[in-house]
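Colleague: I am new to this structure and should be grateful for a guided reading. May I put some questions to you?

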Amino acid sequence: MSFEFPILSLVIWLPIVFGIAVLATGNDRNANSARVISLIGAILGFIAAIPLYSNFNSASGTMQFVEHLVWFERFNVNYHVGIDGISMPLILLNCFITPLVIVAGWEVIKDRVSQYMGAFLLMSGIVNGVFASLDAILFYVFWEASLIPMFLIIGIWGGPNRVYAAIKFFLYTLLGSLLMLIAFIYLYQTSGGSFSIQDYHQLAIPLTPQILIFVAFLLAFAVKVPMWPVHTWLPDAHVEAPTGGSVVLAAILLKLGGYGFLRFSLPIAPDASHYLADMMIALSLIAVVYISLIALIQADMKKLIAYSSVAHMGFVTLGFFLFNAIGIEGAMVQMISHGFISGAMFLCVGVLYDRLHSRQIADYGGVVNKMPIFAAFFMLFAMANAGLPGTSGFVGEFMVIMASIKTNFWYAFLAATTLIFGASYTLWMYKRVIFGAVASPAVQQLNDISKREFAILAILAIAVLWMGLYPYPVTEVMHATIDHLLVHVSNSKL
Amino acid sequence: MNFIPPDFAPASSEIFMLIMVCIVMLADLSAGEGRRYVAYLLTQITLLGCALLTFLSFTTDVIETFSGMFVDDAMADILKLMVYATVSAVLIYSHAYISDRGMLKGEFFSLILFATLGMMVMISSSHFLTLYIGLELLSLSMYALVALQRDSVVATEAAMKFFVLGALASGFLLYGMSMVYGATGTLHVSHLAQIIQSEASSKEVLVVGLVFIVSGIAFKLSAAPFHMWAPDVYQGAPTAITLFIGSAPKLAAFGFVMRLLVEGMGEMVADWQGMLVILAVLSMAVGNIAAIAQSNIKRMLAYSTISHMGFLLLGFISADSNGYSSALFYVIAYVLMTLGTFAVIMTLCRYGFEAENIDDFKGLSKRNPWYAFITLLLMLSLTGIPPMIGFYAKFAVLQAVVNAGYVWLAVAAVLFSLIGAFYYLRIIKLMYFDEPETQEPIVSNSDVKILLSANGFAVLALGIFPQALMGLSLYAIQNSM
């Protein structure tokens, strides 16, 4: 093929260009045009991403839609992008979530609208860039750049304690990524002057440096996932962030960490990964069990969902470090499904928060009497969060549990407790918020969801059910890539 | 004995500058009060003329003249062009500030030009004495500039401190040079390198001399533990002067270190490497940690400078053209960021009001979204977040450090810059997350607006496309070694 339309670049840069255009609309006098432009940009971004799926060759485990341009020669850094079966679904997820977030903030955000909408579009393009980068420095640039919009989103439109949460979020993530930068520079030296991620996959590295590289990557990715014990920034960030910020944080940004493990840690440091697998599994199981218990006692709905995110992402890291195809595939499915479910859960809390300006479970009760349609949607997502068969939440967890039982019965046993704990904290919260007598005069005043809210929740509901009943289209594109990855991981690189 | 006149051509820009300084002084005297713009315009024309002369005489050869005391090479030309641009920007940024505070006098311009001449001589010298003369010309002009606001107690105090400590540093430097002379019998940079290489000199005396020279350099660079003067001077000096002190002289200091340590005493790299490691780590630690505690923005930026100088020194540690060019890139990036940051501070100042505290940034995004956005870029760049230029500066230096085998040093450097991230983020927090305390409009002339926008744009654009500047830095170093 001689010339191909640079679809991937379009997917990365189109939201960014629209984001800048939205920022250029200036102050709140032009709020409506800012909203409309950003929605157009987000929808075009999603449409642009569709060919990535439809033209994807799922039989191939290599990179597709590759674009390669010299960026700066001084350090042999290239604009090198491409996708495989791991990054493609994540890019689609990101492009899918962005319009929903824009719509979710449509009426709620009244202050500095253009900056809010622009930040989300910029974020969307930057995150696509992270998933598509095949050059370590390009990856790093996108990775760090994604901090800036989120920092501002939390800090400007967040709750009362937003400054603390925003700075904690920024510094925590920066700590991990700076060490990752050192690892990249080290790999640049060892590989004789290359920043290509695919070159790193072929690199032979002795065990001690491999472990150090693994640890540097681990700090960067574990903070993002987040794994226990570096998860403490997440509840703070979620609680303070505006609804849209929480959705993007949970649905998209956490996936960056999971993606990083698959793209960097496992194939670049396979021996260290095997060497430290027990530790990783232990940390994952602690996240699954212990964080679930913490979620149980939360009085704040957003905090509860934040902790449940940590627990669910524990499944993802657990799946990765079992080193078999079904585990990794299950982890990938779990990431996508968590994107839908956690996004939907935060949107549901947002719906309530917009009306009552409280996130405390105790302030609610009997909401079903006033908001029956909302209660039905919330029920579906709560069930999905608890891992009910037929919803997307079940598929990933089930696959990971299956994979872990092959490795060790007790891994599977501990992981499976999530089905109980997850149901407990989610459904108990649901019961206290939705059922019972109408708790207060404020609840008595509630109106059911608007058409705008209905549309968002309905789209997510379809996604959750579709992935739960027929996950094949998602898993099918991953097979070849994950097999390819496992070949790398099982070969020693000492 | 017949007298052969030296080749004046390589020093044409210096000679032009010297003549023009006298003309500026005289012209200002005859133009008198109320027509100060004459001196201002003449100063800008001088810088432009120097730039032209330097540009026209640009050469990839290394040309020595005045019996080898003066050198013109690619690095000198590039550094000088940067110095002219920086000084010119300083003048544009500070014009309104200076005239509001009654400092717009002929002396201001002539002192700035003399200081610039000092920098040019420093950059181009290939003899320890010329180096010293250039340094003193720069330093004495700076002392006088700090004290320009005669009736201000803080400024006078700052000038005194600057003078006393600066004189001490010069003493150190001279003492070190005299020891080097005692050991080798020469002060020519190139002869010195040969003699040290041939090991015909006393190593012990040389090392002692080197210690003094490095201390002197650390003083001038404000690297810890010789940094004490910087916070007081930055705070005490009028902001426009702080801008000047904090920007262009760093470029000259880079040239100074290159001539003294790399070209002159490059054979003793093993000796000065260890000293620089200590200076760099201490500077990054002291600068970043102390900056957190500051509530005065100028003081905070002084500590930030100290930490950046630590990073700059890291570039020299790898002792190859890769490392030196990283350091050059770093210093250019640093100057660009400093210019913008102080320019924003000066736009916050009004007649009779000094923006001194970091709280003065409160709510800037509501008062002036555009300046707030530029400051956002600058702060992120100072933190080292891509895609701003500050990231590539740090990246290039770290790469050189890892290349030299000091992985631990790179880890230490990034951990300190993580600490540093906090106080830059605090400025962003004040601008974007807090409400403004005053609704005073922010007025600035259109030339400042345009230049500041260009400055912010450069921080971003050179970050997205760093190749040109990186290539230039490498070219400068490779063609002069």
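**A helix, a fold and an interface**

Modeller: Let us begin with one helix of this predicted model. Helix α4(B) is mostly covered, with 17 of its 19 residues buried.

Colleague: How far does helix α4 of chain B reach from its first C-alpha to its last?

Modeller: This helix comprises residues 106-124 of chain B. At 1.5 Å a residue, a span of 27 Å is expected, and the helix comes close to that value. From its first C-alpha to its last, α4(B) reaches 27 Å.

Colleague: What radius of gyration does chain B have, and why does it agree with that of a compact globule?

Modeller: The C-alpha trace of chain B spans about 70 × 60 × 40 Å along its principal axes, and 58% of the chain's 481 residues count as buried. For 481 residues, a compact globule would have a radius of gyration near 23 Å, so chain B agrees with the rule at 22 Å.

Colleague: How many helices and strands does chain B have, and what share of its contacts between residues at least 6 apart join residues at least 24 apart?

Modeller: Chain B has 20 helices and two strands. Among its contacts between residues at least 6 apart in sequence, the share that joins residues at least 24 apart is 79%.

Colleague: Which element gives the most to the side of chain A that touches chain B?

Modeller: In this interface, 27 residues of chain A are in contact with 24 residues of chain B. The elements of chain A that give two or more residues to that side are α5 (136-145), α6 (147-157) and α7 (162-190). The residues on that side divide into 21 nonpolar, two polar and four charged. With 15 residues, the element that gives the most is α7(A).

Colleague: Which helix gives the most to the largest nonpolar core?

Modeller: That core has 392 residues, and among those that touch the most other members are I91(A), F381(A) and Y330(B). Leaving aside neighbours within four places in sequence, I91(A) is in contact with residues including V11(A), L52(A) and F131(A). The helix that gives the most to the core, with 19 residues, is α14 (residues 321-348) of chain B.

Colleague: Which residue takes a positive phi in the hairpin of β1(A) and β2(A)?

Modeller: Strands β1 (residues 64-72) and β2 (residues 77-83) of chain A run antiparallel and are joined by six bridges. Across the pair, L69(A) stands opposite Y79(A). The hairpin has four residues between the strands, and the residue with a positive phi, near 55 degrees, is N76(A).

Notes: Residues are numbered from 1 along each chain as its sequence is written. Chains are lettered from A and ligands numbered from 1 in the order in which they are written. This is a predicted model: local features need pLDDT of at least 70, side-chain atom pairs count only at pLDDT 80 or more; totals for chains, interfaces and linings use all residues. Two residues are in contact if their C-beta atoms, placed from the backbone, lie within 7 Å. Ala, Val, Leu, Ile, Met, Phe, Trp, Tyr, Cys and Pro count as nonpolar, Asp, Glu, Lys and Arg as charged, and the others, Gly among them, as polar. A nonpolar core is a set of buried Ala, Val, Leu, Ile, Met, Phe, Trp, Tyr and Cys residues joined through C-beta atoms within 7 Å. A residue is buried if 20 or more other C-beta atoms lie within 10 Å of its own, exposed if 12 or fewer, and partly exposed in between; C-beta atoms are placed from the backbone. The radius of gyration is taken over C-alpha atoms; the globule rule is 2.2 Å times the number of residues to the power 0.38. Two strands pair if DSSP finds at least two bridges between them. The expected span of a helix is 1.5 Å times one less than its number of residues.
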